[in-house]
Amino acid sequence: MIDEYLEGLNAAQRAAATHTDGPAIIIAGAGSGKTRVLTLRLAYLLSRRLASPFQLMALTFTNKAAKEMRRRIETLIGSDARSLPMGTFHSVFSRVLRIEADALGYTSSFSIYDEEDSESQIRTIVKELNLDDKRFKPRVIKNNISKAKNFLVSPSEFSARHIIDEFTETTAKVYHIYQNRLQRSNAMDFDDLLVNMVVLFNSRPDLLHKYQHKYRYLMIDEYQDTNHAQYVIAKKLAAVHENIVVVGDDSQSIYSFRGATIENILNFSKDYPDAKTYKLEQNYRSTSTIVEAANSVIENNVKRLPKNIFSLKEEGDLIGLIVGETEVQEAEKVVDSIREQKLRRNLNNKDFAILYRTNAQSRTLEDALRRASIPYKVFGGMSFYRRKEIKDAVAYLRLALNPYDEESIKRVINYPARGIGNTTMERLLQAAYENNLRLWDVILRSDRYLSGRSWSAVNAFAALITSFQNAALNTSAYLAAEYIIKASGMLEDLHQPKDFEMMDRYENVMEFLDGVKEFTENPDNEVRSLSAFLNEIALYTDADKDEESDDYVSLMTIHASKGLEFHSVFVVGMEEGLFPLSMSLDNRESLEEERRLCYVAMTRAKEKLTLSQAKRRMRYGNLEFTEPSRFLDEVNPKYIGTKTRSAAEKKPTIPVEPPRNLKALKPISAAATAPSENLGANTPDIAVGHTVEHDRFGRGIVVRLDGPPEDRRAVVDFPGRGEKTLLLRYAKLVVVQ
DNA sequence: ACGATTTAGATTTTT
DNA sequence: TCTAAATCGT
């Protein structure tokens with residue numbers, strides 16, 4: 001059975017899927033059948049009896065990816081798949097940490113703070129320290145602390161080694177207090193779920209040993225997006241058996257702003273000199289036009305692993321280009337194109353995705369789709385679990401298990417209103433911080449700090465939460481949740497039939513309760529306690545939702561589109577400053593990340609890709625003139641056009657960029673753009689010994705030429721940067737002499 | 001204590 | 001433009 005599946009793979013895929021022992025890296029290009037290889041390898045290990053299911057650990061980044069992999073494995077090996085420790089880094093580690101919580105001074109019912117909770121906690125600390133929150137923005141401090149954690153820099157290390165100015169000094173101070181608060185709240189933030197694994201392994205070699213031996217085979221998906229902490233944990237876990245297989249694509253590393261270090265994948269072979277490398281270079285998803293167009297863009301990045309992604313599918317349509325006068329017209333043209341394609345190709349709404357760089361862009365597109373009565377769905381944005389009413393409900397549940405959870409207390413102590421206002425709250429918090437007590441302990445002994453009306457209000461709240469604790473202990477997850485939500489008074493507050501929005505929220509809370517019920521009744525879940533439910537939703541995002549089979553056009557950011565594919569894809573807002581985003585223009589690293597993002601966007605398309613831009617766009621309430629994205633210039637023009645290739649070759653559609661200093665004066669004309677100058681499509685007369693200029697590497701000398709004429713490559717020696725092999729077709733080389 | 005009004009700031013987000 | 005936090009007024 002497994003063998004049969006293996007037969008269906010290409011040579012590279014089969015080699016990777018049957019890799020058994022020792023370290024290996026699988027470079028899996030977009031659409032290269034990565035998940036298939038991964039699942040088959042797991043099944044292969046099991047069928048060869050090299051490991052039992054619970055000895056494999058497979059880590060992914062999204063719940064969705066984990067779920068998909070589990071589903072596919074189940075079809076291969078049956079219900080054994082259920083015992084595979086497979087999941088996201090955060091969920092797998094959170095389970096380990098709950099088991100080993102004692103060793104870290106936590107209880108197993110610790111809360112998981114989301115980023116809102118973290119920021120709110122940091123905001124409180126900044127206020128307490130009487131700092132100017134304009135100069136010391138809580139959000140920036142939070143991001144810096146997060147970064148420190150991702151690089152495993154502890155508060156004391158941060159103080160000792162990372163203070164270079166007043167800001168870092170403050171960050172250090174806040175970091176210390178923040179970490180103490182978390183511990184006192186019996187809470188971990190997302191980063192702690194990783195950091196504490198390292199802390200655990202460092203402080204308890206016996207436990208490290210235990211897990212090293214427990215998991216004989218370690219597999220990591222999307223390795224290009226791992227951060228330093230994840231890298232260290234993986235290295236420690238794999239140190240005994242060295243059965244570590246990582247899968248990734250450096251060209252799709254788009255989360256460095258979250259601490260991902262692309263070096264992890266670039267250096268894997270240095271970390272494990274014996275590592276085998278498998279390259280999955282055949283793209284089964286997209287037409288060759290799309291694959292090659294995407295290649296022509298990504299070629300402009302310096303930092304890459306060498307590989308040659310190709311497609312054997314037919315050429316298909318050329319890449320469409322839409323230019324709108326304004327973002328409104330851009331959206332209308334996109335919608336027109338969707339309608340046209342639907343008719344011509346007999347497609348459904350589901351076959352289309354519109355991708356954008358920033359969430360703010362969705363609005364215009366939504367309007368245009370609504371006007372055309374085309375059903376659509378916006379992914380991301382305000383997720384269900386980030387809604388206020390849901391966060392309130394979750395806070396009550398969290399408190400039932402962990403009353404020390406300070407952020408949850410603050411959230412619901414006066415919601416619904418029970419007469420505990422700011423003054424009272426300030427008093428309680430002050431009592432807690434001055435006496436180094438936990439907020440919950442202060443609330444339990446509020447007689448010492450309060451009197452009269454505010455005391456009785458706080459006392460009643462304490463009694464309420466205590467009753468919730470009992471409910472959580474003594475009944476099933478669903479019954480407890482139902483009781484807690486009802487007794488909290490939330491539902492009465494929201495149930496206002498006259499107020500449409502309030503009723504909407506009421507419905508959401510009811511839906512949330514249904515979710516709890518579903519969770520408790522789902523036989524797939526091994527543990528169905530309230531605690532397990534909370535753990536799951538803390539690490540859950542909207543992107544994980546299974547989508548019903550409704551027929552709609554998908555709207556999402558490019559980030560959210562990673563791993564997905566659509567028949568026809570529109571990438572909108574291809575303008576300098578928007579994509580690439582202006583904040584990433586100042587250094588090469590971040591510009592390359594934008595380019596990888598562009599690569600990800602383009603490779604989502606199976607049959608038809610359309611890029612679009614607007615000449616004018618409203619930004620922050622005022623009209624701005626734009627210039628086309630450099631990524632448009634980077635797409636080899638021979639792949640861009642409207643209908644047929646020959647038509648495109650006669651009529652190039654890439655607009656010429658005006659001189660940068662004239663951009664504000666650029667005329668707004670509806671006329672088609674001027675024919676482009678030679679962008680390197682035809683290979684200029686370059687010979688060995690010529691000095692050439694490359695727009696990124698500067699000047700260099702051609703040392704060698706090879707490859708067939710249509711694929712001519714030049715090896716150029718750039719002083720100080722070494723020899724680079726450049727495809728003349730793509731590299732814009734200018735002969736200097 | 002709570003709602004109304006003003007002001008500042010913003011851009012990507014697997015968990 | 002739009003949201004969220006800060007401030008103001010009752």
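The following legends describe close-up views of a predicted model of a protein with DNA strands B and C.

**View 1. Surroundings of DNA strand B.** DNA strand B is surrounded by 31 residues, of which E115, R258, R357, G421 and T541 are the closest. Of the atoms of DNA strand B that come within 4 Å of the protein, 48% belong to sugar and phosphate. The surface near this strand comprises 9 nonpolar, 14 polar and 8 charged residues.

**View 2. Polar contacts to DNA strand B.** The side chain of E115 places an N or O atom 2.5 Å from a base oxygen of DNA strand B. Phosphate oxygens of the strand are approached by N359, through a polar side-chain atom at 2.9 Å, and by G421, through a polar backbone atom at 2.5 Å.

**View 3. Surroundings of DNA strand C.** The residues around DNA strand C are D133, R363, Y620 and G621. Sugar and phosphate contribute 30% of the atoms of DNA strand C within 4 Å of the protein. By class, this surface has 1 nonpolar, 1 polar and 2 charged residues. A polar side-chain atom of R363 lies 3.2 Å from a phosphate oxygen of the strand.

**View 4. Helix α23 and its buried face.** Helix α23 (residues 477-488) has 12 residues, and its end C-alpha atoms are 16 Å apart, in agreement with the span of 16 Å expected at 1.5 Å a residue. Its buried residues are A477, Y478, A480, A481, I484, I485 and S488. Seen down the helix axis, these buried residues fall within an arc of 160 degrees and therefore line one face of α23. Their cover includes α18 (388-401), α22 (452-474), α24 (490-494), α25 (500-521) and α26 (530-538). Just after α23, G489 adopts a positive phi of about 90 degrees.

Definitions and conventions:
Residues are numbered from 1 along each chain as its sequence is written. Chains are lettered from A and ligands numbered from 1 in the order in which they are written. This is a predicted model: local features need pLDDT of at least 70, side-chain atom pairs count only at pLDDT 80 or more; totals for chains, interfaces and linings use all residues. Side-chain values use heavy atoms; hydrogens and water are left out. A residue is near a molecule or strand if one of its heavy atoms lies within 4 Å of it. A polar contact is a pair of N or O atoms within 3.5 Å; within protein, one must be able to donate a hydrogen and the other to accept it, and residues adjacent in sequence count only if both atoms are side-chain atoms. Ala, Val, Leu, Ile, Met, Phe, Trp, Tyr, Cys and Pro count as nonpolar, Asp, Glu, Lys and Arg as charged, and the others, Gly among them, as polar. Helices (H or I, at least four residues) and strands (E, at least two) are DSSP runs, numbered from the N terminus. The expected span of a helix is 1.5 Å times one less than its number of residues. Buried means under 20% relative accessible area, exposed over 50%, partly exposed in between (1.4 Å probe, protein chains only). The arc is that of the directions from the helix axis to the C-beta atoms. Contact means heavy atoms within 4.5 Å.
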